[in-house]
Amino acid sequence: MQKIISYPLTVIHFILFFLFLVIFHPIQLICYKLGGYNAHRKSVYILNWFLMQSQLPLFNTFSINYKSKLPVGPSYVFVCNHQSMFDIPPLIYYLRDYHAKFIAKKELAKGIPSISLNLRIGENCAIDRKDRKQAITALVKFAKNVHEKKRSVVIFAEGTRSRTGVPKPFQTNGLKTIFKYVPDAVIVPVTINNSWKVDRYGKFPYGLGNKIALTIHNPIPIQGRNMDEVILETQEIVHNGVTSTAV
């Protein structure tokens with residue numbers, strides 16, 4: 001019965017979601033042209049607040065829980081598990097004070113209103129997973145910019161989405177590159193719960209009544225520590241925070 005009900009509600013969500021993307025595409029451009037970086041990033045945060053609200057017809061909600069207060073200023077590397085595309089709007093919105101930038105596959109950098117534009121002009125990083133040289137070059141350039149401008153990074157360390165919520169081992173190369181070029185960064189493990197349930201039926205329709213929860217764990221300084229040990233510790237914290245899976 002829930003799946004039957006979700007069909008028309010998912011259509012409403014799709015209409016709202018893509019309407020917001022289309023509306024905010026020129027808004028982003030105007031903000032970027034007239035107000036530069038800060039005006040543009042504010043338009044991105046507002047867009048992602050609206051994208052979160054587009055889930056309301058499906059009765060899906062978002063929440064965040066900080067284990068400790070994170071002062072604004074340092075470069076943070078928010079290391080997350082990944083369950084669905086709906087992980088991204090709350091991360092952008094809730095982490096807005098930390099100038100969080102994303103690493104994404106290059107396919108997302110063209111053809112999608114608002115999203116592709118933000119990837120290109122918002123100091124994010126688009127990599128080609130099939131071209132190792134391009135990926136490393138883009139990642140190094142990105143990390144240097146993060147270090148120079150005191151930005152933060154959001155990285156889905158598992159590499160791909162877990163459609164069942166079951167955590168996957170972290171891919172370490174991207175993390176080590178960031179740590180190398182942002183040596184004063186502070187790692188913050190982030191656990192995302194329940195967003196996989198939105199995709200429980202596949203791409204259509206979406207699941208109903210899910211409480212998508214972000215847990216921001218205590219930060220982990222990396223200076224003077226073995227990187228493999230830090231990554232393993234981070235992985236354990238993120239994975240131990242997962243409370244619901246399909247398996």
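The following questions and answers concern selected features of a predicted model.

Q: Why is helix H4 called oblique to helix H5?
A: The axes of H4 (residues 132-149) and H5 (residues 173-181) come within 8 Å and cross at roughly 40°. Angles under 35 degrees count as roughly parallel and 65 to 115 as roughly perpendicular, with the rest, short of the antiparallel range over 145, taken as oblique. The value of roughly 40° therefore makes H4 oblique to H5. The crossing of H4 past H5 is right-handed.

Q: What makes the contact of H4 with H5, and how do its residues divide?
A: From H4 come Leu 139, Val 140, Ala 143, Lys 144 and His 147, and from H5 come Gly 174, Thr 177, Ile 178 and Tyr 181. These residues divide into five nonpolar, three polar and one charged. Lys counts as charged, and Gly is placed among the polar residues.

Q: What makes strand E6 mostly covered?
A: Eight of the eight residues of E6 (residues 186-193) are buried, a term that requires under 20% relative accessible area. On one side lie Val 186, Val 188, Val 190 and Ile 192, and on the other Ile 187, Pro 189, Thr 191 and Asn 193. Both faces of E6 are thus covered.

Q: How do you know that E6 pairs with strands E2, E8 and E7?
A: Pairing requires at least two bridges. Five bridges join E2 (residues 76-80) to E6, and these strands run parallel; Phe 78 stands opposite Val 188 in E6. Four bridges join E6 to E7 (residues 211-216) in an antiparallel arrangement, where Ile 192 has Leu 214 as its bridge partner. Two bridges join E6 to E8 (residues 220-221), also antiparallel, and Val 186 is partnered there by Pro 221. Each of the three pairs therefore meets the requirement of at least two bridges.

Q: Why is Phe 59 called exposed?
A: Phe 59 has a relative accessible area of 58%, and exposed means over 50%. Phe 59 is therefore exposed. This residue is in the loop between helix H1 (2-53) and strand E1 (61-66), and its phi is near 60°, a positive value in a residue other than glycine.

Q: Why is Asn 194 called buried?
A: The relative accessible area of Asn 194 is 13%, whereas buried means under 20%. Asn 194 is therefore buried. Its place is in the loop between E6 and E7, and its phi is near 80°, a positive value in a residue other than glycine.

How values were computed: Residues are numbered from 1 along each chain as its sequence is written. This is a predicted model: local features need pLDDT of at least 70, side-chain atom pairs count only at pLDDT 80 or more; totals for chains, interfaces and linings use all residues. Side-chain values use heavy atoms; hydrogens and water are left out. Axes are lines fitted to C-alpha atoms, for helices over the stretch in contact, and angles run from 0 to 180 degrees between N-to-C directions. A crossing is left-handed if the near helix is turned anticlockwise from the far one by less than a right angle, and right-handed if clockwise. Contact means heavy atoms within 4.5 Å. Buried means under 20% relative accessible area, exposed over 50%, partly exposed in between (1.4 Å probe, protein chains only).
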